[in-house]
Structures are given as C-alpha cells and as structure tokens.
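User: I am new to this structure and would like to understand how its labels are earned. Could you take me through the reasoning step by step?

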Amino acid sequence: MSHADVMQPSRRRLIAGAAIGAGGLIVRPLAFAAEPPRLFPVVETAQGKVRGMSAGGVHMFKGVRYGGSTAGRNRFMPPTPPPTWAGVRDAYAYGQVAPQMPNSRAVAYSGLIMFDIQPGGMGEDCLVLNLWTPTLDRAARRPVLVHIHGGGFYGGSGNSPGYDGEELARFGDCVVLTINHRLGAFGYLNLADKGPELKHSGAAGMMDVVAALRWVRENIEGFGGDPGRVLVFGQSGGGAKTSVLMSMPSAKGLFHRAGVMSGGHLRLETPESAQRTAATYLKAFGMERFELKALQDAPYEQILTVQAGLEAADRAKGEAPRSFAPSIDGDALPRHPFDPDAPAISADVPMIVSNVLDERAYRMANFDLDEAGLRKFIARRVGEARADQVLAMYRKDDSGSTPFVIQARFDTDEVFRKPSLIETMLKAQQGAAPVWSYLYRLKSPAYGGRYGVPHGSDVGPGLHDVRGGLNETNADALRVADQLASVWVGFAATGDPDNKFIPHWPAYRVAERATMVFDHETRVENDPRGEFRRFWEQEPPRAA
C-alpha cells in the first residue's frame, strides 16, 4: 500500500457503510456531491460568524474561542465567556497554546509522538478549540467526539499534529473537536486560602474544559453535530481530565459518554497539599506578603519560570511534572473522581477505560539493560527476598522481550494499569451505566520495536491516523485503526462500542472482567494478565 493510499479516503475505509452494532450506527461513505462545494464555509455561532476551510469533504475550523483571555485580572480566575463580534472571523489557523515549558526532541520518544510540536504560539488567550466536520447541515446531528489532549496537567495542546481530527471526521462521518485550556500554575495554583475570589484557583484548568463543553452544547448543531451525543475522551492527561470531569457537577449533562485511555485518575490533590505547594511557589516567586495584583501583573514568562523551578526535580528524573494538578475545592471539584467509589453524578454516563501494555517505556532510556539489571530494578520495589519469584512470573508470561521492555511492563502494571483497573471496577460495581475495558498490545515498530507497546501507541489508531512515529501503515496497523476508530465513533453514536469490525465486546463485569485485546488478532479475553492484576492488588503503595 502506498503512502497516498493511506492518506486518501480509500474505498475500503469509506465503505464502512453498513450498520455498526445493535444500536444502528451508520458510518456513511462521504457523499462529496451532497453539498455544494464551499471552500470557505461560514457558520454562525452564538458569539458571531466564523469562516473555515474545506478540503477532501471535511470542513475545518481552527482557533475558535470558547472563552475570554485568561491574562491579567482573569489569571487564576474561573473562565469568562468568549467575546462576541460583528462580521466574520477567520478560523483558518490554530490559536494560542497554554503557557508551558517545552518538551525537547532530544528525548526520542517525545519526537515520536510529536509532543514537541505545538503550533499556534504560546499565550494566555488560550481558551480555543479546533473542529473538523463532514457536514454543516444543522439537521445532520452527527455524533460529536471531543478529544482532550495528553501531557498530564502541565503540557500539551489540542493543536499538536498527533491530535489532528481530519482523518477521524472523514472515516467516521462525525464531528471531532480538540481543545486548549490552562495548565500548570495558571490552571491549578491553589490560592483559595488567600481570599474568596480565589476559591476556584486550584480548579481553573478543569473549569476551562467545562466551558468548552458548554460551547459545544450551544453551537455544535451549526457544525452538523448532535448536542445530545457528545463523547469526551483522551489519552494520558486527557484520560485523567476525563476522569475528573466525571465528578464535576458543572459538567453534568454536557457529555454523554466518556473514554479514559491510559489515564485512570482516582484522587485529586487535597486543599492542604495544594496550598502547601502554592506557599512554596509564592516563596520562590519572592513574595513575602501575598499580593494578587503583583501575581496577575507579572509577565506570564515569570509565572512559568517559577513553575519550572518547582518541576525541575521531576523533569530531571524523566517524570511528568506533578507540582500542579486539580485540587478539591468543595464546589467545582467537590470530591475525588474515583475514591472511595464511582461518582454518583455521572452514574448514567457509560465509559471505556483502557491501557497499552508497556506504558512506562516512554520515560526510560536504558535500552542496554541486562537480566541482572532487570532483577535489581524489580528488587528495589519488591525486596531481595521476592525478586527472583517476581522476575520469574514476568518471564514466564513473556520470555522473548528485552529486559528493557519487561522493566517498563513491570512499572506499567503498578503506575498505569492498577489505577485504571480500579476505576473500571468501581464503575462496574456502581451498577448503572456500563463500562468496557480494552488492552492494546500491538507492538510499535519505532526504532526496531525497542519500546514494546509504549504510552500513546493507541492514540493514532483511535483517531484513524497512523502517520505518527509510533505506528506504521501495514495491514495490521490499518486493520486496528479501522477497529479502534470504529469503537470510538460507535460509542459516541450509540453509547455502546460493539460494532461489526470487532468481535462481540461484552461490558466489563467484575466476575468475568471481559477485555478487548487489540493485537495481531483482536479478541476478547476475560481478565487478561490476571496473575499480575492480583499481584499488584496485594502490594502496598510504593514509598513516596
């Protein structure tokens, strides 16, 4: 298959025609002659008219504002409404990304996921969204897929090439959006103890996401979308933010299905912990006596410089910065997302929760690790007395992978898969809307396969786009892209991911733990890698 075949809407992909699943979703071949050609279509929103561009049957609108600037007096405050305007505003180019420290391409993995590329420029007028749609017919009411970017709570944007929604909109005949929102200290510096006007400062970034969903409810019909069928989903930090949304009263009714990819998030920061971090921040800022005006008047580069100092230790270890994250405020964020149970406020929202096999390979670079080094790595976590037994368990399951990959898998089982399985279990035990689980096992070809199945491997296929460095364009990759993209489109459309491109996918119940495994042979397994799940369930949390 040629590169051109991959990039163009091939007959194989567009004939996704027949009904998908019992819910009757139709993934329609795009009828290019159904609408008069409009290279620069104009849509009227509640704020004013926007003009986008069309290519290959998909209309694209970029940099559309869903909130006001977050600079100056709006810094650390809840989002404000977007401006209104007369005339027509162009929506051809990406808007600003939230202030953040760049991720260097010197780390090979960062380049593979294009996380170092964030077009649009950086600034505090960053409450913007991007939208791709195959139709502008208000009566079309296509399913809406809102993709939240990864990067923890510290980095990334919906502008990254890895999140481009054009391929999925074309393949699934659906509306796709990506959003930008505040990050780091700008979104999560908890100053609530400094005055009532700052009550929500530790939740501002998540309140931005809710504001974007309000814009969707208000405007999406004009872009051919159905405001009653909105899926919110994302990977890594995007999955974590989706988990948090499940517990937010202000988000109730703004989305109707949720997808958490490699981002199970059980607990928020407590007010006490977040305010201790804020006190450390203010000391580093040089502020002996709190002055909100001084913080709001400071150049954003200064805010970011102080933040970077607090994040330096995490970054030096190759870890995602964790200094700033959402914290409970009793109102916007009244509780932990999935602790001690699944939130009642979103009991009616079905979910998909997933992982890839070797998530933690992204943070490691010791590719020459030998078996003795692997044993030493395991012993540091479980102790010398059990190291041989635990290593044997992992080697019995997989005798062929390198010590580097087994090291990543061991770490993945605790850091990523354990919280995701807890989240899935709690949602299933709630006994209201169903939850489905998948495990992605298709090995990445990057650098000869040395990463195994690393963090982010399923992002491209889920967006029906395998152009990125973690994926490839062979028959297996294209098949899985058809399958996984159909899962997300079908789930958005009907609330059930089961469809004709995959084996029958039962909802997750604790008794069976049915899980879809995306691999060279896509299949359903009950409790895959259950021995490892049981092992990590019994392990006490690692020391801080």
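**From values to labels**

Analyst: This is a predicted model, and a good place to begin is the surface, where Leu-39, Phe-40, Met-53 and Tyr-92 form a nonpolar patch with about 390 Å² of accessible area together.

User: Why is Phe-40 called partly exposed?

Analyst: Phe-40 has a relative accessible area of 46%, and because the label covers values between the buried limit of under 20% and the exposed limit of over 50%, Phe-40 counts as partly exposed. This residue lies in the loop between β2 (25–26) and β3 (42–44).

User: What makes strand β8 mostly covered?

Analyst: In β8, which spans residues 128–133, 6 of its 6 residues are buried. Val-128, Asn-130 and Trp-132 point one way from the strand, while Leu-129, Leu-131 and Thr-133 point the other way, and all are buried.

User: How do you know that β8 pairs with β6 and with β10?

Analyst: Pairing requires at least two bridges between two strands. Strand β6 (residues 58–65) and β8 share 5 bridges in the antiparallel sense, with Thr-133 in β8 as the bridge partner of His-59. On β10 (residues 175–179), 4 bridges join the strand to β8, again antiparallel, and Asn-130 has Thr-178 as its bridge partner there. Both counts therefore satisfy the requirement of at least two bridges.

User: Why is the contact between Asp-358 and Arg-409 called a salt bridge?

Analyst: Side chains of opposite charge can pair when their charged atoms come close. The closest N and O atoms of Asp-358 and Arg-409 are 2.6 Å apart, and because the cut-off is within 4 Å, the contact qualifies as a salt bridge. The pair links distant parts of the chain, with Asp-358 in the loop between β13 (351–356) and α11 (371–382) and Arg-409 in helix α13 (residues 403–430), 51 residues apart.

User: Are Asp-358 and Arg-409 buried or exposed, and what makes them so?

Analyst: Asp-358 has a relative accessible area of 1% and Arg-409 has 3%; because buried means under 20%, both residues are called buried.

User: Which labels do Arg-386 and Glu-539 receive, and why?

Analyst: Their side chains meet in a salt bridge at 2.7 Å, N to O. Arg-386, at 30%, is partly exposed, whereas Glu-539, at 8%, counts as buried, because the limit for buried is under 20%. Arg-386 and Glu-539 also belong to a network of salt bridges that includes Arg-381 and Glu-414.

How values were computed:
Residues numbered from 1 in each chain as written. Predicted model: local features only at pLDDT ≥ 70, side-chain atom pairs only at ≥ 80, totals over all residues. Heavy atoms only, no water. Patch = residues over 30% accessible without salt bridge, like charges linked within 9 Å, V, L, I, M, F, W, Y side chains within 5 Å. Areas by Shrake-Rupley, 256 points an atom, 1.4 Å probe, with all protein chains shown as cover. Buried < 20%, exposed > 50% of the residue type's maximum accessible area, 1.4 Å probe, protein only.
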